[in-house]
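Before reading on, take a moment to look over the sequence and the fold. The questions that follow go through a few places in turn, each with a short line of reasoning.

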Amino acid sequence: MRNLTLKHFKTIQAIIKSGKIVSAAKVLGLSPSALTIQLRQVEEEFQLALFDRTSDGMRPTAAGLAFVETAQAIEEHLGLLEDKMDAIKGVRTGSLRLGVVSTAKYFAPRLMAAFMKDHPDIDMRLAIGNRAQTIDSLRNHDIDIALMGRPAKEVPVRASVFGDHPLVIIAPPEHPLVAARDISKERIAEEHFLIREPGSGTRISLEIFLSDVPGRIDDLGVEMGSNETIKQAVMAGLGIAFISAHTIAAETEAGRLVILDVVGMPIRRQWFSVMRTDHAISPAMATFNDFLMRKGAMYLPLFGKLYPDKAG
């Protein structure tokens, strides 16, 4: 492996991303023949094929995927080295790619603004996606830190709690259950639910909550693609929803949505800061994570109450 260089690693990464030698060569500013020679050198080094040559392009083999995973790790460590050198020189700079699940978009911008005010020289980028998209970003090393309600199990991660995450059931103000108190699980299970896609954190929590009501989770409700769509549908009277309390602050304060008084609610989950265990922790990542642990909960939407007033 002493014959391998950074150019070899960049070559394989480019081929995997583009799927074709010609496209990868254009990205790297090299000729296709030069790229082919570098690929052949790597394959000869390991005596393994890194790609299957197909009519659709270059598809990575298991060896190719293993190689590019190491290439990504090297890239991360080089970035970490640069940040450490800047830190030694007293330069408080760096970059941070933050990924958040869609539910967290209601507080992530305020949290970022507070952090960047204290650390203006750290370049931050924000990516918002559903749970599956955020986990894919972690898996592909596209983000450094993810904010999510349930740590990913699909990739090796370290997770730290930075705040409470209450989940509630909401209805439009004219719903007949708005005036009810201590609504039982069995009674609320009779309602028509508007739900997120399979795999979303709130849907998993709802399935757990209703799991002991016979047959209820077999037909959970109507799927909708975002919290915003669900909120609009509830306000339109299409059903009720189980949702993060952090997504409905404005609507409950304005009286457009009401939190129902259901026994066992709110369900209290937690917000996590999540990093890959095999991701080198840069000074910027460490600084942001420390900020989350100390101040993150301050930027979560607050509610004066999570239940309607008790009947007098």
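## A loop residue, a pocket and a strand

In this predicted model, His-141 lies in the loop between helix 6 (131-139) and strand 5.

Q: Does His-141 count as buried or exposed?
A: A residue is called buried when its relative accessible area is under 20%, and exposed when that area is over 50%. His-141 has 7% relative accessibility, so it counts as buried.

Q: Which residue in the loop between strand 6 (157-171) and helix 7 (185-188) has a positive phi, near 50°?
A: In the loop between helix 6 and strand 5, His-141 has a phi near 60°, a positive value in a residue other than glycine. A positive phi, near 50°, is also found in the loop between strand 6 and helix 7, and the residue there counts as exposed because its relative accessibility is 52%. That residue is Asp-182.

Q: Which element supplies the largest share of the lining of the largest pocket?
A: The largest pocket has a volume of about 820 Å³ and is lined by 29 residues, with His-141 among those that lie nearest its centre, together with Glu-75, Glu-76, Arg-97 and Asn-140. Helix 1 (6-18), helix 4 (62-88), strand 3 and strand 4 each supply at least two residues of this lining. The largest share, eight residues, comes from helix 4.

Q: Which residues of strand 5 are buried on the side opposite to Ile-145 and Leu-147?
A: In a regular strand the side chains alternate between the two faces of the sheet. Strand 5 (residues 145-148) is covered on both faces, with Ile-145 and Leu-147 buried on one side. The buried residues on the other side are Ala-146 and Met-148.

Q: Which residue of strand 11 stands opposite Leu-147?
A: Strand 5 is joined by three bridges to strand 3 (residues 94-101), and these two run parallel, with Ala-146 as the bridge partner of Gly-99. Three bridges also join strand 5 to strand 11 (residues 267-276), but here the two strands run antiparallel. In strand 11, the residue that stands opposite Leu-147 is Ser-273.

Q: How many residues apart in sequence are the parts that the pair of Phe-107 and Trp-271 ties together?
A: Among the eight aromatic pairs of the structure, Phe-107 and Trp-271 form one that is edge-to-face, at 5.1 Å centre to centre and with 70° between the planes. Phe-107 lies in the loop between strand 3 and helix 5 (108-118), whereas Trp-271 lies in strand 11, so the pair ties together parts whose separation in sequence is 164 residues.

Q: Which residue lies over the face of Phe-209?
A: Ring pairs also link Phe-115, Phe-288, Phe-291 and Tyr-299 into a cluster. At Phe-209 the partner is a charge over the ring, at 4.7 Å from the ring centre, and the residue that carries it is Lys-185.

Q: Does Arg-125 count as buried or exposed?
A: Arg-125 has its place in strand 4 (residues 122-129) and touches Leu-96, Arg-97 and Leu-98, when residues up to four places away in sequence are not counted. Its relative accessibility is 56%, and therefore Arg-125 counts as exposed.

Q: Which residue precedes Pro-266 at the cis peptide bond?
A: Pro-266 is placed in the loop between strand 10 (258-259) and strand 11. The peptide bond that leads to Pro-266 is cis, with omega near 0°, and comes from Met-265.

Notes. Residues are numbered from 1 along each chain as its sequence is written. This is a predicted model: local features need pLDDT of at least 70, side-chain atom pairs count only at pLDDT 80 or more; totals for chains, interfaces and linings use all residues. Side-chain values use heavy atoms; hydrogens and water are left out. Buried means under 20% relative accessible area, exposed over 50%, partly exposed in between (1.4 Å probe, protein chains only). Helices (H or I, at least four residues) and strands (E, at least two) are DSSP runs, numbered from the N terminus. Two strands pair if DSSP finds at least two bridges between them. Rings of Phe, Tyr and Trp (its six-membered ring) pair if their centres lie within 6.5 Å; planes under 30 degrees apart count as stacked, over 60 as edge-to-face and the rest as tilted. A charge sits over a ring if NZ of Lys or CZ of Arg is within 6 Å of the ring centre and within 35 degrees of the ring normal. Contact means heavy atoms within 4.5 Å. On a 1 Å grid over the protein atoms alone, a cavity is a set of points where a 1.4 Å probe fits but cannot get out, and a pocket is an open set with protein on both sides within 12 Å along at least five of seven lines; lining residues have an atom within 4 Å of a point. Grid points are joined across faces, edges and corners, and a volume is the space filled by probe spheres set on the points.
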